[in-house]
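Trainee: I would be grateful for a close look at a single part of this structure. Please take one salt bridge and explain what surrounds its two partners.

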Amino acid sequence: MSAVEHRYEVTDHREIWSGRIFSVVSDDVTMPGGGTAAREYVRHVGAVAVVALDGAGQVVLIRQYRHPVGRHLWELPAGLTDVSGEDLAAAAARELAEEADLTAGTVDVLVDLHSSPGFSDELVRVFLARDLADVPAEQRHDRREEEADLQVVRVDLDEAVRMVLVGEITNASCVAGLLAAARARDTGWTVLRRPDAPLPY
């Protein structure tokens, strides 16, 4: 499909606040009807998440406290892409090891998502990890702060999809990753992308 689209141009850019993970900015943007409008949004470093699927068809879920929503959520092993120069697949492997004490022999791209494009540019790449193995006990990550409270469980993929559909799983990357994994499985893994597939920019 093709359509004539207005070219939104930034005529002014201001940083309102800056932190380690994200910053808040304001852009003046040209509008289709003429003139400009201010658009405030969050610039985010980005993230990766991992659907880790074992040989029995179970996925690894973690339960973690998320302060902005004030409760524990079911999530995938995931983390920020805040290490300069780190490959996204390597970042995903690091998070899988740190949060679930697992390594993967096979890694593919499942899905990319803009988690909340109405106010943030955050892009999350969700990987599928298979051929899982345990990280040796002496090499495991020392979990601190909220991570010290992590619960790690394995759930049949179809049960995890059911949890999504009844509202028990609401984390965006977890929802997208589980549904994409179930669809990819049902198509014989033919829709997977290689781990270094280009991002949708």
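Mentor: In this predicted model, R193 and D112 form a salt bridge, with their closest N and O atoms 2.9 Å apart. R193 lies in the segment after helix 3 (172–186), whereas D112 belongs to strand 8 (residues 102–114), so the pair ties together parts that are 81 residues apart in sequence. The two partners fall into separate accessibility classes. D112 has a relative accessible area of 18% and is buried, because the limit for that class is under 20%. R193, at 30%, is partly exposed.

The surroundings of this pair can be followed through L110. Neighbours within four places in sequence aside, L110 is in contact with R193 itself, and also with L192, G177, A180, A181 and A184. Its other contacts on that list are V51, V126, F127 and L128.

L110 is also one of the residues with the most contacts inside the largest nonpolar core, together with L61 and L178. That core has 27 residues. Strand 8 is among the elements that each supply at least two residues of it, as are strand 4 (47–52), strand 5 (58–66), strand 9 (123–134), helix 2 (157–165) and helix 3. Helix 3 gives the most, with 6 residues. The elements named for the salt bridge thus return here: strand 8, which holds D112, and helix 3, which R193 follows, both contribute to the core.

A second core, separate from the first, has 13 residues, among them V50, A89, A91 and F127. F127 has already appeared above as a contact of L110.

For context, the whole structure contains 17 salt bridges. Two further examples may be set beside the pair R193 and D112. In one, the side chains of D12 and R14 meet at 2.6 Å, N to O. D12 is partly exposed at 34% relative accessibility, and R14 is likewise partly exposed, at 32%. Salt bridges with shared partners join D12, R14 and D28 into one network. In the other example, E9 pairs with R7, and the closest N and O atoms are 3.2 Å apart. Here E9 is partly exposed, at 41% relative accessibility, while R7 reaches 64% and counts as exposed, because that class begins over 50%.

To return to the chosen part: a buried D112 and a partly exposed R193 are joined across 81 residues of sequence, and R193 is also in contact with the core residue L110.

Technical notes: Residues numbered from 1 in each chain as written. Predicted model: local features only at pLDDT ≥ 70, side-chain atom pairs only at ≥ 80, totals over all residues. Heavy atoms only, no water. Salt bridge = Lys/Arg side-chain N within 4 Å of Asp/Glu carboxyl O. Buried < 20%, exposed > 50% of the residue type's maximum accessible area, 1.4 Å probe, protein only. Helix = DSSP H or I, 4+ residues; strand = E, 2+ residues; numbered from the N terminus. Core = buried A, V, L, I, M, F, W, Y, C linked by side-chain atoms within 4.5 Å. Contact = heavy atoms within 4.5 Å.
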